[in-house]
Amino acid sequence: MQHNKDINQKLRSSGLRPTKQRIQLSKILFGSEKTFHFTVLDLKKMVEEKFQEKVTLATIYNTVHAFRKKGYIKKILLDANKSYYDT
């Protein structure tokens with residue numbers, strides 16, 4: 001459970017409320033030593049498979065936007081129709 005406390009502290013220190021969904025997304029995005037590229041739909045699928053819970057696209061978009069604004073992830077534009085993000 002120490003990992004949850006670390007995530008909670010990191011979110012709070014960034015001015016973000018540590019909601020259940022943000023904690024779940026943080027575990028997926030920052031729980032690996034390797035960086036990876038993803039789309040919002042990829043992330044939705046990862047969350048639902050790992051935690052066996054539905055998460056709305058709006059929640060994921062809002063969280064990705066908040067993490068990007070805080071500098072935790074980067075947006076990569078490969079084409080005009082799809083946005084990728086990098087951890």
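In this predicted model, Phe38 has a bridge partner in strand S3, and that partner is Tyr85. Strand S3 covers residues 82–86 and pairs with strand S1. The pairing of S1 and S3 is antiparallel and runs over 2 bridges. Both strands belong to an open sheet of 3 strands. The order in this sheet is S1-S3-S2, and the pairing is antiparallel. Strand S1 (37–38) and strand S2 (74–79) are the edge strands. Each of these edge strands pairs on one side only.

Tyr85 itself is found in strand S3. Its relative accessible area is 8%, so Tyr85 is buried, the limit being under 20%. Which residues is Tyr85 in contact with, once its neighbours within four places in sequence are left aside? The list consists of Phe36, His37, Phe38, Val40, Val64, Arg68, Ile73, Lys74 and Lys75. Phe38 thus appears both as a bridge partner of Tyr85 and in this list of contacts. Val64 is also on the list. In sequence, Tyr85 and Val64 are 21 residues apart. In space, their C-alpha atoms are 8.6 Å apart.

Thr63 lies in helix H4. Thr63 has a relative accessible area of 4% and is buried. With neighbours within four places in sequence left aside, Thr63 is in contact with Arg22 and Leu25. Leu25 is in helix H2, and it also takes part in the meeting of H2 with H3.

Two packed helices are described by the angle between their axes and the distance between the axes. Helix H2 spans residues 20–30, and helix H3 spans residues 40–51. Their axes come within 10 Å and cross at roughly 105 degrees. Angles of 65 to 115 degrees count as roughly perpendicular, so H2 is roughly perpendicular to H3. On the H2 side, the residues that meet H3 are Gln24, Leu25, Lys27, Ile28 and Leu29. On the H3 side, they are Leu43, Met46, Val47, Lys50 and Phe51. The residues of this contact divide into 7 nonpolar, 1 polar and 2 charged.

Side chains of opposite charge can pair when their charged atoms come close. How many salt bridges does a search of the whole structure find? The search finds 3. One of the salt bridges joins Glu53 and Lys20, with the closest N and O atoms 3.1 Å apart. Glu53 lies in the loop between H3 and helix H4 (57–69), whereas Lys20 lies in helix H2. The pair therefore ties together parts that are 33 residues apart in sequence. Glu53 counts as partly exposed, at 30% relative accessibility.

A second salt bridge is formed by the side chains of Lys44 and Glu48, at 2.4 Å from N to O. Both residues lie in helix H3. Lys44 and Glu48 are 4 residues apart, about one turn of the helix. Are these two residues buried or exposed? Lys44 is buried, with a relative accessible area of 18%. Glu48 also counts as buried, at 18% relative accessibility.

Glu48 forms another salt bridge, with Lys54. Here the closest N and O atoms are 4.0 Å apart. Lys54 is exposed, with a relative accessible area of 73%. Lys44, Glu48 and Lys54 are thus linked in a network of salt bridges. In this network, Lys44 is buried, whereas Lys54 is exposed.

Definitions and conventions
Residues numbered from 1 in each chain as written. Predicted model: local features only at pLDDT ≥ 70, side-chain atom pairs only at ≥ 80, totals over all residues. Heavy atoms only, no water. Pairing = 2+ DSSP bridges. Axes fitted to C-alpha atoms, helices over the stretch in contact; angles between N-to-C directions. Parallel < 35°, antiparallel > 145°, perpendicular 65-115°, else oblique. Contact = heavy atoms within 4.5 Å. Nonpolar A, V, L, I, M, F, W, Y, C, P; charged D, E, K, R; others polar. Buried < 20%, exposed > 50% of the residue type's maximum accessible area, 1.4 Å probe, protein only.
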